[in-house]
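Subject: Structure handover

Hello,

Here is the structure I promised to pass on. Please open it first, then read the notes below.

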Amino acid sequence: MKLQDMSLFRQAALIDGAWIERADMDVTDPATGDAMGTMPDCTAAETKAAIAAAATAMEEWRALTHLQRADLLMAWHDLMVTHADDLARILTTEQGKPLAEAKGEILYGASFVRWFAEEARRINGHIIPSPIAGKKIFAMKEPVGVCAIITPWNFPNAMITRKVAPGLAAGCTMVIKPSDFTPYSALALGVLAERAGIPKGVLNILTGRPEVIGETLTASPVVRKLSFTGSTRVGALLAGQCAPTLKKMSLELGGNAPFIVFDDADLDAAVEGAMASKFRNGGQTCVCANRILVQSGIHDAFVAALAVKVDALTVGPGTQEGVTIGPMINAAAIAKIAAHVDDALAKGAARATAERDLPAGQYADPVVLSGATLDMQFASEETFGPVAPVIKFETEDEALLIANGTPFGLAAYFYTSDMTRAFRVGEALEAGLVGLNTGVVSHAEAPFGGVKSSGLGREGGQEGIEEYLETKAFHFGGL
Ligand code: SIN
């Protein structure tokens with residue numbers, strides 16, 4: 001991996017401003033299967049040291065004015081933008097997504113830092129009229145405390161900034177545990193945070209296997225908040241581990257997004273939206289369309305047009321010019337995708353796309369499956385890959401029943417040109433994020449998060465910073 005600034009590539013953990021260099025574990029490039037570097041496998045003692053460092057650093061950090069914290073965040077943001085090409089190359093090499101998409105993620109990630117640097121100025125409390133004369137009541141906002149941040153491999157940059165930036169803006173300090181598949185994007189953010197002047201101990205990064213680090217973080221009474229993005233299974237496990245110390249929690253968990261196309265939709269726009277929603281990051285996103293529901297009148301035209309677009313995708317290493325679908329993260333991902341496709345074909349679905357010769361390695365064939373039905377595996381489980389199963393439906397009620405018929409409720413999309421239907425369906429969909437005539441629902445300015453088994457809390461938007469604040473009612477008597 002060649003970078004303009006090789007010092008952004010750190011094979012170490014960051015605890016209290018010290019870089020701990022130990023080659024305990026390999027990190028693999030999913031495009032080649034070769035080791036691209038090593039990392040320490042942090043111990044429980046190191047995790048406790050990081051928590052202690054964050055607790056000490058918080059005294060100084062929370063005492064800064066919101067403008068001082070905002071300025072440091074903006075300096076961090078500017079460095080991310082300046083080094084976007086190098087950060088994108090690190091991200092592609094460890095995660096696999098095409099370089100252009102990786103650069104998009106870096107700028108998306110930086111946009112959270114900017115947004116929350118701006119939001120730092122709006123951490124307002126309020127004054128409440130007292131029922132008793134001579135008394136005033138103030139509702140004051142205070143930082144939650146030391147936060148544990150556990151992030152996934154599919155967005156190794158943006159899932160960190162979306163959690164860390166509001167926390168830092170609020171005056172909290174952080175212990176970050178990035179995925180063991182993708183530690184280097186996190187560590188590069190640590191290098192840039194140091195350069196931006198964020199004091200030591202404010203942002204600590206622990207690499208290694210998740211079990212020991214996760215258990216130590218969740219068991220610690222010093223850690224007052226956990227923010228996690230990942231599967232519903234692991235989210236529920238972490239929530240259980242946090243219960244004895246009653247931490248505040250944000251959980252951004254699994255989805256099974258419906259993508260509904262009504263007869264009155266603009267066909268080209270719906271196909272474009274399906275491509276954006278389904279094939280971003282090779283289908284490895286929590287918000288990606290997992291069940292494409294198409295009304296009978298537009299069904300055949302939609303499937304044909306989607307298949308043309310999918311056939312035009314180029315599969316290969318993310319660093320190769322022109323590639324639009326990179327490798328999947330690991331062999332388990334490939335096996336799950338293959339199982340979902342085989343299951344659908346065995347139960348009567350048909351391929352609408354041509355079968356292609358894939359490069360050797362962890363690659364999946366992007367595919368559109370027509371004739372999909374609700375007894376197929378994808379209907380109850382996220383595929384997390386480039387598979388677009390299309391279910392035909394007749395009525396709006398039927399579409400809504402299918403769309404809401406899962407325990408998940410992260411994202412839902414629908415396409416229609418009927419504005420009365422737009423409101424009706426938008427309100428009826430059980431999801432934290434609803435896209436009407438758009439396949440993109442992720443922006444720093446908007447709240448992001450799910451309902452039902454898709455999680456708790458919101459990231460981004462005005463809501464994002466609230467997750468890192470407590471409200472103190474300050475009763476001021478004797479006036
Ligand atoms: C995710 O897949 O967890 C996040 C996707 C996004 O931020 O759009």
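First, a definition: helices (H or I, at least four residues) and strands (E, at least two) are DSSP runs, numbered from the N terminus. Contact means heavy atoms within 4.5 Å. Axes are lines fitted to C-alpha atoms, for helices over the stretch in contact, and angles run from 0 to 180 degrees between N-to-C directions.

This is a predicted model: local features need pLDDT of at least 70, side-chain atom pairs count only at pLDDT 80 or more, and totals for chains, interfaces and linings use all residues. Residues are numbered from 1 along each chain as its sequence is written, and side-chain values use heavy atoms, with hydrogens and water left out.

The seven-stranded sheet

Start with helix α13, residues 419–428. It lies across β13, β18 (411–415) and β19, and runs at about 165° to β18. Those strands belong to an open sheet of seven, in the order β14-β15-β16-β13-β12-β18-β19. Its pairing is mixed. (Two strands pair if DSSP finds at least two bridges between them.) β14 (350–351) and β19 (433–436) stand at the edges. Each has a single partner strand, so one side of each is left without a neighbour in the sheet.

Strands β13 (residues 289–295) and β16 (residues 387–393) run parallel, joined by four bridges. Gln295 has Phe393 in β16 as its bridge partner. A second helix, α10 (residues 296–311), lies across β12 (257–261), β13, β15 (367–370) and β16. Its angle to β13 is about 135°.

The three-stranded sheet

Another open sheet has the order β5-β6-β22, with antiparallel pairing. Its edge strands are β5 (126–128) and β22 (469–476), each paired on one side only. From one strand to the next, the twist averages 30°. Eight bridges link β6 (residues 136–143) with β22. Here Glu142 stands opposite Glu470, and Lys141 stands opposite Thr471. Three bridges link β5 with β6. Ile127 stands opposite Phe138 there.

A helix pair

How far apart are the axes of α4 and α5? The distance is 8 Å, and the helices pack at an angle of about 10°. α4 covers residues 99–119 and α5 covers residues 158–170. They are therefore roughly parallel to each other (angles under 35 degrees count as roughly parallel, over 145 as roughly antiparallel, 65 to 115 as roughly perpendicular and the rest as oblique). Residues of α4 that meet α5 include Tyr108, Phe112 and Phe116. On the α5 side, Arg162 and Ala165 are among them.

The ligand

Tyr108 and Arg162 turn up again here. Of the 13 residues around the ligand, Tyr108, Arg162, Arg280, Cys286 and Ser442 come nearest. (A residue is near a molecule if one of its heavy atoms lies within 4 Å of it.) An N or O atom in the side chain of Tyr108 is 2.7 Å from a ligand oxygen atom. For the side chain of Arg162, the distance is 2.9 Å. A polar side-chain atom of Glu252 lies 3.1 Å from an oxygen atom of the ligand. The protein covers 100% of the 260 Å² of accessible area that the ligand has on its own (Shrake-Rupley method, 1.4 Å probe).

Best wishes

Definitions and conventions: A polar contact is a pair of N or O atoms within 3.5 Å; within protein, one must be able to donate a hydrogen and the other to accept it, and residues adjacent in sequence count only if both atoms are side-chain atoms.
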